[in-house]
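Hi,

Here's the structure I promised to pass on. Have a look at it first, and my notes follow underneath.

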Amino acid sequence: MKIILANPRGFCAGVSRAVDVVEKVLSLEPHPVYVRHEVVHNRAVVNDLKGKGAVFVKELSEVPDNAVCIFSAHGVSQEVQEAAKRKNLRIYDATCPLVTKVHREVQKASKNEVECVLIGHRGHPEVEGTLGQYRSQNAKIYLIENVEDVMNLQVDNPEKLIYATQTTLSVDETRDIIAALKEKFPEVAAPKKEDICYATQNRQNAVRNIAKMADILLVVGSKNSSNSNRLRELAEVSGIDSYLIDNTNDIELSWFEGKKSCGITAGASAPEYLVQAVVNHLQAQFEHCEIVELNGVKEEITFPLPKLLKQRQKA
Ligand code: 0O3
Ligand code: SF4
């Protein structure tokens, strides 16, 4: 079996920072430390942080007043931020700065009463947070998920319209949605820099590349991880079997019947030790394994820790 490792794969800068924030807050602040929503969508990461004392909650209503609380990498609405203030919580915000960038675009549109079309997956926490940046009484934000939604979309003011997107969407699908949007609303304005982030783009490019040389692709990532699902779908659209796995327990030997090469990648929230465990597992299953690591774009971007955390570290 030839094992081909995608590059880049796994943790992005926003996820590294968010996990770092939780670990540092756990070591600096008295417990319990609450985390609103899974800090990133990965079961192993969340279980590890639970083991270190983090208390994960779905809603702020589960957090007692005056407590320490961390917002997840996916970001929160302004309503949640206001509720945190009312409860006098000490908030450490692990929202990825690239999600915050999208929040700012939407806030600006709201302030200027420019209508906004948000492209994203309904119910996803990032989408909830981004929708919740739009507070205008006189203009609207519209959520669309696909080209069909564009066909059905009616806006109040097509001359004053922008679009924004979730950061982890399929680049190919989003291109089609934007093309349909521009055809229907020629005046719609694009964000200055695109919202699908560098990490999403790089991981999808790496999968496109690996799909040309592998018979099957394993994507290490949790079922609720949007970007990991997009990697699995992309491999399938590119013509190879692909499976999303949390860890080696999910692997079935029948997947490999008649296959000679297996690609491995990992979503932006999946730690590298899980990838290495998958490699070891395959090496134990197949008599002759050749491991190849592909070249890919080098990612050097890092994000600074939140201000409050830096201040606490100095104090
Ligand atoms: O947004 P997604 O479900 O892909 O979230 P993950 O798996 O936690 O990955 C990190 C991405 C993120 C925080 C939003 O861009
Ligand atoms: Fe930030 Fe992109 Fe990572 Fe999301 S996937 S946390 S936007 S770097």
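Which atom of S226 lies 2.7 Å from an oxygen atom of ligand 1? In this predicted model, the partner is a backbone N or O atom of S226. The side chains join in elsewhere: a polar side-chain atom of S269 also sits 2.7 Å from an oxygen atom of ligand 1, and for H124 a side-chain N or O atom is 2.8 Å from a ligand oxygen. Taken alone, ligand 1 would expose 380 Å², and the protein buries 96% of that. Around ligand 1 I get 15 residues, with H41, T167, S225, S226 and S269 as the closest.

The other thing to look at is helix α10, which runs over residues 272-285. Its 14 residues reach 20 Å from the first C-alpha to the last, close to the 20 Å expected at 1.5 Å a residue.

Which residues of α10 are buried? They are L274, V275, V278, V279 and L282. These cover an arc of only 145° around the axis, so they end up on the same side of α10. The spacing fits the usual picture: an α-helix has 3.6 residues a turn, so residues three or four places apart point the same way. On the face of α10 turned away from that buried side you'll find the exposed residues Y273 and A284.

As for what covers the buried residues of α10, the list includes the strands β1 (2-5), β9 (216-220), β10 (241-245), β11 (261-266) and β12 (290-293), along with helix α2 (43-51).

Cheers

How values were computed:
Residues numbered from 1 in each chain as written. Chains lettered and ligands numbered in written order. Predicted model: local features only at pLDDT ≥ 70, side-chain atom pairs only at ≥ 80, totals over all residues. Heavy atoms only, no water. Helix = DSSP H or I, 4+ residues; strand = E, 2+ residues; numbered from the N terminus. Expected span 1.5 Å × (residues − 1). Buried < 20%, exposed > 50% of the residue type's maximum accessible area, 1.4 Å probe, protein only. Arc of directions from axis to C-beta. Contact = heavy atoms within 4.5 Å. Near = heavy atom within 4 Å. Polar contact = N/O pair within 3.5 Å; in protein donor to acceptor, adjacent residues only side chain to side chain. Areas by Shrake-Rupley, 256 points an atom, 1.4 Å probe, with all protein chains shown as cover.
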